[in-house]
Amino acid sequence: MTGLQRPGPKGAGEPGGAPAGAGAAPEDRRRLSPAALLAVVALCYAAAQFVLVSVDFQIGWDEAVYLSQFSANDTPLDFHPSRGWGTSLVVAPVVMITNSVAALRVYLTVVSSLLLFGSFRIWLAVRPGYTVPLAAALYAGCWSTVFYGNAAMPNLYTAFGSVALTGLVLRAATAAGPVGGALPVAVAVVTAAMALFRPTDATVVALALAAAVLLFARGRRWGPMLITLTALGAGLAAGWGQWLLEAVLEYGGVAQRLDGATQNFSAPRWLLDHHLRALDGPTLCRAPESCGPVPGGGPVWLAAVVLLGVAGLLAAWRRECRTAIAVPAAVGACFAVAYLYYGGVTAPRYMLPVLGLWAIAAAEGLLRLSGEARRRAGLAAAVACCVLVVGGHLHLQKAYLAVNVGPMTSSRAQDALVAEALGRLGHRRPCLVYGWHAPQIAHPLGCEALGTAGGSPLPATPASVLAKPAEGYTVIAVYRDDADAGAPELAAWPEHRLTSSGWHARLSGGGADPAPAH
């Protein structure tokens, strides 16, 4: 395999860079090293989360499920067969101690910033110079990367894992000499960790990497490559082994778990239109109409990212770094196809690994274009090129982030107010919250949950819910305005006004009407 470079002074391999081993010029010694610049990017990423999302951003439906598994409330919410344990394990050190949302957000901000630094830091041994910190900055500037930075959701962790695993595989598979034990172990551990979050995502990345390793094979390096492939297989086996064991112990078998995990899937279909519409959100959409129109500026931004990546690939192909740029781009493309031809819903977070991997090629392309601009028109033109591209990227992504954070901040704050009002109302445990936004309302109360579609009238109440009071449960039906009109079975339960914004609850055990929360 060709295309990997050893680190050298002044970012060896950059235009005009000194060869490895040469002394650095005085002006080079005054520059921030790529590793130091990467640390600055990670700090800025943490700051963006604190400023643009905030630590008071309340939890969502999926987060409530993940948090509840190890929560001090001691009432785990129903764990869907499609979920993995990785996210719950990440948040366990905090939720076992406190229910504070602010503490959770601060902790996850620190974790995501460290992972951004660590996953891209691996790449400095693969692609020396300033391509890597620039790639990290482009990736950290995406609205979905910031939005999910302090969220208890699995996709960002699989994205960081994809970036780290690709770098580790390239380092291990292209070793000039014997491969030590650390690299293969790291490959296996990262693969297994990714599978704990999303085993199918880990499988796509691992298979794409295995194909890349074989594609660039050279006879004299078959030893390191076979060791690397074995490590990938061992990691996948460990991750899927846990999934299979849980399927047998908790879901009645592998077939039953697969059926449950895919119960909301349709036949695979091309979702390019969905993803184009969801470039600016929402965070989840099931049909083109719910994704909204194609956002202004979105196609231009996407075209720029693709063209920069192509420019990076073309530039790298003529140099010694072709493999270091081509492999992450290829793995990212394979991952994109897996979600563009898909039977499930559309969510921008599904593309986080694609953005992270493609950012490496895009950063290479931007550096090459700015280097060409400097050669032809001087330093000012090169600076203008970078400012225009990076500034435009950050400006557009910040606007997209605001479009999503603003409405969700208000909606989730209402969920917290509802939970507080129910807490003041009082209820016996065990308890079940049924209705709108049930998981995120139930979690702080220590109740079980059965959610219905928010914004839609409550359907006929399931028999399992109506049977709960006889089992000693307090059942709490939550909704807004008159959304309970379609559930006459609940009419006998006393209704309580919870907030001034129209939230109500019906309790199977009655209760006192609290003052409206504002």
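The following dialogue explains how several terms apply to this predicted model.

Tutor: Residues are numbered from 1 along each chain as its sequence is written. Because the model is predicted, local features need pLDDT of at least 70 and side-chain atom pairs count only at pLDDT 80 or more, while totals for chains, interfaces and linings use all residues; side-chain values use heavy atoms, without hydrogens and water.

Student: Why is arginine 257 called buried or exposed?

Tutor: Buried means under 20% relative accessible area, exposed over 50%, and partly exposed in between (1.4 Å probe, protein chains only). Arginine 257 has a relative accessible area of 0%, so arginine 257 is buried.

Student: What makes the contact between arginine 257 and glutamate 246 a salt bridge?

Tutor: A salt bridge requires a side-chain nitrogen of Lys or Arg within 4 Å of a carboxyl oxygen of Asp or Glu. The side chains of arginine 257 and glutamate 246 meet at 3.1 Å, N to O, and the definition is therefore satisfied. Arginine 257 belongs to helix H12 and glutamate 246 to helix H11, so the pair ties together parts that are 11 residues apart in sequence. Helices are DSSP runs (H or I, at least four residues) and strands likewise (E, at least two), numbered from the N terminus. Glutamate 246, at 10% relative accessibility, also counts as buried.

Student: How are H11 and H12 oriented to each other, and how do you know?

Tutor: Helix H11 (residues 222–250) and helix H12 (residues 254–261) pack at an angle of about 100°, with their axes 7 Å apart. Axes are lines fitted to C-alpha atoms, for helices over the stretch in contact, and angles run from 0 to 180 degrees between N-to-C directions. Angles under 35 degrees count as roughly parallel, over 145 as roughly antiparallel, 65 to 115 as roughly perpendicular and the rest as oblique. H11 and H12 are therefore roughly perpendicular.

Student: Which residues does arginine 83 touch, and what makes them contacts?

Tutor: Contact means heavy atoms within 4.5 Å. Leaving aside residues up to four places away in sequence, arginine 83 touches Trp61, Asp62, Val65, Tyr66 and Arg257. Arginine 83 lies in the loop between helix H3 (61–68) and helix H4 (86–95). With a relative accessible area of 13%, arginine 83 is buried.

Student: Why do arginine 376 and glutamate 372 count as a salt bridge?

Tutor: Their closest N and O atoms are 2.6 Å apart. The two residues are 4 residues apart in helix H17 (residues 352–377), and so are separated by about one helical turn. Arginine 376, at 65%, is exposed, whereas glutamate 372, at 30%, is partly exposed.
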